[in-house]
Amino acid sequence: MALTPEDVVNKQFQQTKFREGYDQDEVDDFLDEVVVELRRLVQENQELTERLKAAEAGAGAPKSATAPIAAVPAPVSAVAAAAPAASGDDAESSSSLLQLARRLHDEHVKEGTEKRDALIAEGHATAARVVAETEAKQRAQVEILEKQKSVLENKIDELRVFERDYRKQLRGYIEGQLKELDEASGTGSSK
């Protein structure tokens, strides 16, 4: 893959589905591609540097010996001409590019971790709030039921007292009727 700086700048990653940030595997794969391409460019730069040094060493040689170097396209020969000074810069550039990619990766991972932690904390807070609300509703319902129970127990006590009084009155009435019946039958039998 011929990787250009524009490829690195314009690279788009898929958004993840369950968390914010980029797909870590996709970012890692892209960084692997960047490393391979940068190593290839460094190797190519070294080869061109060696060819340039060989050409300069053979400067006393006939013009035909330098002809293959002159046939190199202009952009590549410009890189080759700047290679002795820039070979360290390319290594630094690729190193800084890797560091930038790692830093961006670390930032995205950190953001994802922070977002995950915030979501977990929010979930715990929501769960605690729901539990507290449910417990408060339960306590209120228990209080209402306790009051209803107390009212019903009072009514039961009143009904028991009423039943006892009613039975006493009914017994008194029945005994009174029996007494009257006995008296009426006792006077009727003496005649």
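Me: Helices (H or I, at least four residues) and strands (E, at least two) are DSSP runs, numbered from the N terminus. In what order do the elements of the protein run?

Reply: This is a predicted model, in which local features need pLDDT of at least 70 and side-chain atom pairs need 80 or more, while totals for chains, interfaces and linings use all residues. Residues are numbered from 1 along each chain as its sequence is written, and side-chain values use heavy atoms, without hydrogens or water. The protein has 4 helices and 0 strands. Read from the N terminus on, the order is α-α-α-α.

Me: How much of the protein do buried residues make up?

Reply: A residue is buried under 20% relative accessible area, exposed over 50% and partly exposed in between (1.4 Å probe, protein chains only). The protein has 191 residues. Of these, the buried share is 13%.

Me: Which residues form the largest nonpolar core?

Reply: In soluble globular proteins, nonpolar side chains tend to be buried together. A nonpolar core here joins buried Ala, Val, Leu, Ile, Met, Phe, Trp, Tyr and Cys residues through side-chain atoms within 4.5 Å. The largest one in this model has 8 members. They are Leu 3, Phe 13, Val 27, Phe 30, Leu 31, Val 34, Leu 38 and Ala 101.

Me: Which helix gives the largest share of this core?

Reply: One helix, spanning residues 24-57, supplies 5 residues of the core. Val 27, Phe 30, Leu 31, Val 34 and Leu 38 appear in the core, and they are also among the buried residues of that helix. The largest share therefore comes from α2.

Me: How far does α2 reach from its first C-alpha to its last?

Reply: Helix α2 contains 34 residues. Its buried positions run on past those of the core and include Asn 45, Leu 48, Thr 49, Leu 52 and Ala 55. From the first C-alpha to the last, α2 reaches 49 Å.

Me: Which residues are linked in a network of salt bridges?

Reply: A salt bridge puts a side-chain nitrogen of Lys or Arg within 4 Å of a carboxyl oxygen of Asp or Glu. By this rule the count is 6. One member of the network, Glu 37, is also among the buried residues of α2. The linked residues are Glu 37, Arg 40 and Glu 44.

Me: How far apart are the closest N and O atoms of Arg 103 and Glu 107?

Reply: Both residues belong to helix α4 and sit 4 residues apart, about one turn of the helix. Arg 103 counts as partly exposed because its relative accessibility is 44%, and Glu 107 is partly exposed at 35%. Their side chains form a salt bridge, with the closest N and O atoms separated by 3.1 Å.

Me: Which residue forms a salt bridge with Glu 133?

Reply: The partner stands 4 residues away in helix α4, so the two are separated by about one helical turn. Glu 133 is partly exposed at 39% relative accessibility, and the partner is partly exposed at 45%. With the closest N and O atoms 3.6 Å apart, the partner is Arg 129.

Me: What is the N to O distance where Asp 117 and Arg 116 meet?

Reply: These two side chains meet in a salt bridge. Asp 117 is partly exposed, with a relative accessible area of 38%, and Arg 116 is partly exposed too, at 46%. The distance, N to O, is 2.9 Å.

Me: Is Gly 112 buried or exposed?

Reply: Gly 112 lies in helix α4. Its C-alpha is 9.0 Å from that of Tyr 22, a residue 90 positions away along the chain. The relative accessibility of Gly 112 is 13%, so the residue counts as buried.

Me: How are the rings of Phe 162 and Tyr 166 arranged?

Reply: Rings of Phe, Tyr and Trp (its six-membered ring) pair if their centres lie within 6.5 Å, with planes under 30 degrees apart called stacked, over 60 edge-to-face and the rest tilted. The whole structure holds 1 aromatic pair, with ring centres 6.0 Å apart and planes at 20°. Its members lie 4 residues apart in helix α4, with Phe 162 exposed at 53% and Tyr 166 partly exposed at 47%. Because the planes meet at 20°, the pair is stacked.

Terms used:
Expected span 1.5 Å × (residues − 1).
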